[in-house]
Amino acid sequence: MNSGQTAPTFQNSQDALLAGHSSGLVRRYVFPKNTVLFCRGETRHCAYLIDKGRVHIYGSNSDDEEDHMLCALGPGEIFGEIALIDNTPRTATAITEEETEIFVIPRDALQGKLRGLDPIISLLISLLIERYRTTRIHLPESIKQDEAGDFIEKVSKYESLPEEILRLRNSEAQREMALREMKLEQELRSGLKHKQFYPVLQPILKLPEEKISGFEALIRWQHPSRGTVMPMDFIPVAERSGLVQHLDRLMLEKVCQILPSLQERAGGAADLFVSVNLSGVNFASRDVVDLINDTFKRTETDPRKIRFEITESALIGDPVLAEEILQALKKTGARIALDDFGTGYSSLNYLHRFSIDTIKIDRTFVANLHDDPRSIDIIRAIVGLARNFNLTVVAEGIETDEDVKALSSLECDYGQGFYYGRPLDLTDAHIFIEKNLADR
Ligand code: C2E
Ligand code: CA
Ligand code: CA
């Protein structure tokens, strides 16, 4: 759009004149040809919408270069819009090319509308403005030194970010993801408030006799419009936002409430436990121990009936603090299982450094049992180690009769998987207990 035409020089701009009209109302003005609406370097509070006529925008891409025409704007086009958001100086000069009718939009006029806006949209707007400024602004030295000083500092920090990150930040996909993430976070908050989360129970059986020994509580979200939402679709966002701590606490609370009814179904025939997942996010502070203790007391739960499942990632951030928390949890009487073993860091050091009782072998090893001989070797090695450290082993993801045979011969202590039972609601869990114990 660069026509090569240089900007006419004017002393006073109409923007200064219009600054008095900050009544918060959008007004329509007629400007004669060659009116300077605003000059580069000024800080003003109005944007403009052309109704009739033409406006030329002048600027340059560097301090040394003379101003030239950057573009010509016509009816329906908005310019000077950044002034609605912040006080940074105009980056270009705007001059009417003919008699022009313009709506002048003061910042105040938008305040009310912005206040009522979805916070996600507000956030996205500010992100886009920041990006726009970063990529487009080229201010003369004189301006950089005064009013715009703070802003320039911000921009230079930005510019020092690695290019891949800048690109990622600016990509369409990234923005969509941010939007989705923020929406989901809001929905999670609302879901917590409206009690939309509940546990389902997957049976864990003693091998080789296949007698019910307990359940793992798995979270589900009864979403008002999407129906049942699975944890994989919301736990990662809950972890990033910290909301997972509320979910985990809620799950523990619910499990403590239903535990007596499970025990009752088993009568004296089995001493059932329930496993509760505890995200690594909980291991950032000791507070989790008090909260858990409080839940045990309030619900009059015997902690020995609860087993917390944690993953290795909970242990590697701050291993000393993690072990302190584990010891405090064990002191309550609760037990600890290391979940998804074999998928993460899997340092064998863990097994003696941390206060754990059980290893859960990840289901990927069980899934590969019959195709990949290494899976059998790995399971055998894990069981061997567990024996040395006096730990029990649960094999996850048992789907077939052959899986059961192989895992029993590898001397896994417990089994869990779709072969025995999908995660069940409370009524079905009761039925499962009765049937399983009746068969013995
Ligand atoms: P996880 O702790 O490893 O839980 C086991 C997952 O494997 C469950 O998926 C279960 O339904 C699935 N599963 C069980 N048996 C089989 C099988 O035979 N075959 C296959 N293919 N899958 C099987 P789910 O319920 O979707 O949970 C996924 C993950 O979400 C869990 O993995 C856990 O990491 C997380 N999660 C679930 N509930 C909670 C919770 O209350 N708090 C936290 N922090 N995370 C949770
Ligand atoms: Ca688990
Ligand atoms: Ca697992």
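**Exercise 1.** How many Å separate a polar side-chain atom of Asn 277 from an oxygen atom of ligand 1?

*Solution.* This is a predicted model, and the distances below are computed from it. Begin with the side chain of Asn 277, where a polar atom lies 3.2 Å from an oxygen atom of ligand 1. Since a polar contact requires a pair of N or O atoms within 3.5 Å, the next step is to look for such pairs in the backbone as well. There, a backbone N or O atom of Ile 219 lies 3.0 Å from a nitrogen atom of ligand 1, and a polar backbone atom of Phe 418 is 2.8 Å from an oxygen atom of the ligand. Finally, consider the surface: ligand 1 taken alone exposes 800 Å², of which the protein buries 87%.

**Exercise 2.** Find which element gives the largest share of the shell around ligand 1.

*Solution.* First list the elements that give two or more residues to this shell, namely β10 (211–223), α9 (244–266) and β14 (335–341). Of the shell, the largest share comes from β10, with four residues. Then sort the shell by class, which yields 11 nonpolar, five polar and eight charged residues.

**Exercise 3.** Identify the protein donors of the calcium ion (ligand 2).

*Solution.* The donors are Glu 216 (OE), Asn 277 (OD1), Glu 309 (OE) and Asp 339 (OD), which lie 2.1 to 2.4 Å from the ion. Next, place two of them along the chain: Asn 277 is in strand β12 (residues 273–277) and Asp 339 in strand β14, 62 residues apart. As a last step, note that Asp 339 bridges this calcium ion and the calcium ion (ligand 3), the two ions lying 3.9 Å apart.

Key. Residues numbered from 1 in each chain as written. Chains lettered and ligands numbered in written order. Predicted model: local features only at pLDDT ≥ 70, side-chain atom pairs only at ≥ 80, totals over all residues. Heavy atoms only, no water. Polar contact = N/O pair within 3.5 Å; in protein donor to acceptor, adjacent residues only side chain to side chain. Areas by Shrake-Rupley, 256 points an atom, 1.4 Å probe, with all protein chains shown as cover. Nonpolar A, V, L, I, M, F, W, Y, C, P; charged D, E, K, R; others polar. Donors = N, O, S within 2.8 Å, 3.2 Å for Na, K, Ca; no water.
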